[in-house]
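Subject: The structure I promised you

Hi,

Here is the structure I said I would pass on. Have a look at it first, then read my notes below.

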Amino acid sequence: MIVGVIGAGAMGSGIAQCFAQCEDVEKVYLCDIKKEFADGGLGKIQKSLAKMVEKGKMEQAAADAIAAKFVTGLNEICVDADLIVEAALENMEIKKACFKELQDNIVKNENCIFASNTSSLSITEIGASLSKPIIGMHFFNPAPVMKLIEIISGLNTPKEDVAAITEISKKLGKTPVQVEEAAGFVVNRILIPMINEAIFVYESGTSDIAGIDAAMKLGANHPMGPLELGDFIGLDICLAVMDVIYSDTGDSKYRACPTLRKMVRGKRLGVKTGIGFYDYSEGIRNKVPTDRK
């Protein structure tokens, strides 16, 4: 199987690594709007593989074989792909345009399956004006570690594509969960509003950042507090998901917290910008709550 991954950021590079580590995959196209971005994504993968070798989780020869499967470049290299997984920005128009270009001008394989890694957007809407159907294949960050894949059917997604993506997910060593299209799907419909509510609790002055996270870790046995988790997901992603759920449902309980919106405007997005609810300038292990600085 030949796989094209569109978008070489944290999610895209992680998804590409998952496929490259699968024995049934012979080649992975890692693409972005500039080749240097795609090369940067490959660099992240190589570092990840090197850590696995260093920890004794993988032989060097296996890591080299995985790295050799990659071809980096622009979307145009995906001519003979059997599967495309789009992991571009969480923006409806960008995703629509990406798939239209791929389907109309690039991919020549008539049997290619087109999947989106969207975390909340409508699969039906993404595929509404396209010549071929779309399916949701939602990985979770970090993709090489997290076991779940949400498989989302749009109104026009063929059952054959659902079956094929289910089997592919299993070959990746993941657990697929089939989801009918709904705002936020399953995980983000539950998880992101919880993070948003934690931000409301912080905004109200009920507790500080460290206190809120400690309360949920110790009181609910969560491995990571909600504010820290928001930083790891990306506060821009959290806001985008909240806005999609609110828009689709019209329910005020899904209104994004003003503090979340303000932090996104200020580019305090979490780990990826080095600062969110925590300051990561000294590294993730030495993070400091920003309200204690």
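Let me start with a small puzzle: is C98 buried or exposed? Keep in mind that you are looking at a predicted model. C98 has a relative accessible area of 11%, and anything under 20% counts as buried, so C98 is buried.

While we are on cysteines: how many disulfides does the model have, by the count? The count comes to 0. Take C31, which is in no disulfide; its nearest cysteine sulfur belongs to C78 and is 3.5 Å away. A disulfide would need the two sulfur atoms within 2.5 Å. C31 is also buried, because its relative accessibility is 0%. As for C98, the closest cysteine sulfur is again in C78, but at 8.8 Å that is too far for a bond.

Both C31 and C98 turn up again around N75, so click on that one next. N75 sits in the loop between β3 (70-73) and β4 (83-86). Leaving aside residues up to four places away in sequence, N75 touches I6, C31, D32, C98, L102 and I106. With 16% relative accessibility, N75 counts as buried.

Now for the core. In soluble globular proteins, nonpolar side chains tend to be buried together. Here the largest nonpolar core has 34 residues, and the members that touch the most others are F19, F70, L83, M137 and F139. Which helix gives the most to this core? Helix α1 (residues 10-20) does, with 5 residues. If you want one residue to explore, pick L83: apart from residues up to four places away in sequence, L83 is in touch with I2, V3, G4, F19, C112, I113, A115, I165 and I168.

Another asparagine I liked is N117, in the loop between β5 (113-116) and α5 (123-127). At 8% relative accessibility, N117 is buried as well. A polar atom of the N117 side chain lies 2.7 Å from the backbone nitrogen of F139. Not counting residues up to four places away in sequence, N117 touches M11, I15, V85, E86, A87, M137, H138 and F139. You may recognise M137 and F139 from the core list above.

Then there are a few backbone oddities to check:

- N141 and P142 are joined by a cis peptide bond, with omega at about 0 degrees. P142 is in the loop between β6 (134-138) and β7 (148-153).
- F185 is not a glycine, yet its phi is positive, at about 60 degrees. F185 lies in the loop between β8 (175-180) and α7 (187-203), and is buried, with a relative accessible area of 5%.
- N221 also has a positive phi, near 60 degrees, and is not a glycine either. Find N221 in the loop between α8 (209-219) and α9 (226-233). N221 counts as exposed, at 68% relative accessibility.

Last topic: the aromatic rings. A pair of aromatic rings is described by the distance of the centres and the angle of the planes. The count for this model comes to 5 aromatic pairs. One of them is Y202 with F277, an edge-to-face pair, 5.9 Å centre to centre and with 90 degrees between the planes. Y202 is in helix α7 and F277 is in the loop between α11 (258-265) and β9 (278-279), so this pair ties together parts that are 75 residues apart in sequence. Y202 is partly exposed, at 23% relative accessibility, whereas F277 is buried, at 1%.

F232 and Y280 make another edge-to-face pair, with 6.3 Å from centre to centre and 90 degrees between the planes. This pair also links distant parts of the chain: F232 is in helix α9 and Y280 is in the loop between β9 and β10 (288-289), 48 residues apart. F232 is partly exposed, with a relative accessible area of 28%, while Y280 is buried, at 7%. Ring pairs join F232, Y278 and Y280 into a cluster. And what sits over the ring of Y278? The charged end of K287 does, 5.8 Å from the ring centre.

Have fun clicking around!

Terms used: Residues numbered from 1 in each chain as written. Predicted model: local features only at pLDDT ≥ 70, side-chain atom pairs only at ≥ 80, totals over all residues. Heavy atoms only, no water. Core = buried A, V, L, I, M, F, W, Y, C linked by side-chain atoms within 4.5 Å. Buried < 20%, exposed > 50% of the residue type's maximum accessible area, 1.4 Å probe, protein only. Helix = DSSP H or I, 4+ residues; strand = E, 2+ residues; numbered from the N terminus. Contact = heavy atoms within 4.5 Å. Polar contact = N/O pair within 3.5 Å; in protein donor to acceptor, adjacent residues only side chain to side chain. Phe/Tyr/Trp six-rings, centres within 6.5 Å; stacked < 30°, edge-to-face > 60°. Lys NZ or Arg CZ within 6 Å of the ring centre and 35° of its normal.
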